[in-house]
Amino acid sequence: MGQAKNRGSQAERIAQAQAKIAASKPEKLVCNGCGADVTAIHPVDTRGLRGIEAIWVGQCECGQTTFAASGEPKAVDAFFFALSENSELTLGSQSKDGEQHTTA
Ligand SMILES: [Zn+2]
């Protein structure tokens, strides 16, 4: 965007990281409760979650919370396994090229 290169390399890195996360955002999640498309999707802080690139959470109008995660398959599996231990949460599926994870 034509800004000076010597200014805020850290800000640049943060911007790149945010862009990477934004690029992984699914267009929508599919609610496991009612099957509706959930388009109100928000990123979840993944600091401390090794191997996880991004986690998205969507709140369906029916009240179900649906998650999607991308990253290393093992880490994603571990994340969804941890979620499955929590009966209050319903797992969802993510439709995105090459990064599909369905637990239903
Ligand atoms: Zn729903």
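User: What makes Cys31, Cys34, Cys60 and Cys62 the protein donors of the zinc ion?

Analyst: Donors are N, O and S atoms within 2.8 Å of the metal (3.2 Å for Na, K and Ca); water is not among the atoms, so sites may look incomplete. The SG atoms of Cys31, Cys34, Cys60 and Cys62 lie 2.3 Å from the zinc ion, and therefore they qualify under the 2.8 Å limit. In sequence, these donor residues follow the spacing C-x2-C-x25-C-x1-C. The model is predicted: local features need pLDDT of at least 70 and side-chain atom pairs count only at pLDDT 80 or more, while totals for chains, interfaces and linings use all residues. Residues are numbered from 1 along each chain as its sequence is written, and side-chain values use heavy atoms, with hydrogens and water left out.

User: Why is the arrangement around the zinc ion called tetrahedral?

Analyst: Four donors count as tetrahedral if all angles lie between 85 and 135 degrees; four count as square planar and six as octahedral if opposite donors are over 155 degrees apart and all others between 65 and 115, and anything else is irregular. The four donor atoms here subtend angles of 105 to 116°, so the arrangement is tetrahedral.

User: Which of the terms buried, partly exposed and exposed applies to Cys31, and which to Cys34 and Cys62?

Analyst: Buried means under 20% relative accessible area, exposed over 50%, and partly exposed in between (1.4 Å probe, protein chains only). Cys31, at 3%, is therefore buried. Cys34, at 47%, is partly exposed, and so is Cys62, at 42%.

User: How many disulfides does the structure hold?

Analyst: A disulfide is a pair of cysteine sulfur atoms within 2.5 Å. The structure holds zero disulfides.

User: What makes the contact of Asp37 and Lys28 a salt bridge?

Analyst: A salt bridge is a side-chain nitrogen of Lys or Arg within 4 Å of a carboxyl oxygen of Asp or Glu. The N to O distance between Lys28 and Asp37 is 3.2 Å, so the pair satisfies the 4 Å limit. Asp37, at 45% relative accessibility, and Lys28, at 33%, both count as partly exposed. The structure holds two salt bridges; Arg47 and Asp45 also meet in one, at 2.8 Å, N to O. Arg47 is exposed at 73%, whereas Asp45 is partly exposed at 47%.

User: Which residues make up the largest nonpolar core?

Analyst: A nonpolar core is a set of buried Ala, Val, Leu, Ile, Met, Phe, Trp, Tyr and Cys residues joined through side-chain atoms within 4.5 Å. The largest has nine: Ile52, Ile55, Phe67, Ala69, Ala75, Val76, Phe79, Phe80 and Leu83. Strand E4 (52-59), strand E5 (65-71) and helix H2 (73-84) each give two or more residues to this core, and H2 gives the most, with five. Another core, of eight residues, lies apart from it and includes Val38, Trp56, Cys60 and Ala68.

User: Why is the pair of Phe67 and Phe79 called edge-to-face?

Analyst: Rings of Phe, Tyr and Trp (its six-membered ring) pair if their centres lie within 6.5 Å; planes under 30 degrees apart count as stacked, over 60 as edge-to-face and the rest as tilted. Phe67 and Phe79 are 6.1 Å apart, centre to centre, with 70° between the planes, so both criteria are met. Phe67 lies in strand E5 and Phe79 in helix H2, so the pair ties together parts that are twelve residues apart in sequence. Phe79 and Phe80 also form an edge-to-face pair, at 5.3 Å and 80°. Phe67, Phe79 and Phe80 form one aromatic cluster. Phe67 is buried at 11%, Phe79 at 14% and Phe80 at 3%.

Conventions:
Helix = DSSP H or I, 4+ residues; strand = E, 2+ residues; numbered from the N terminus.
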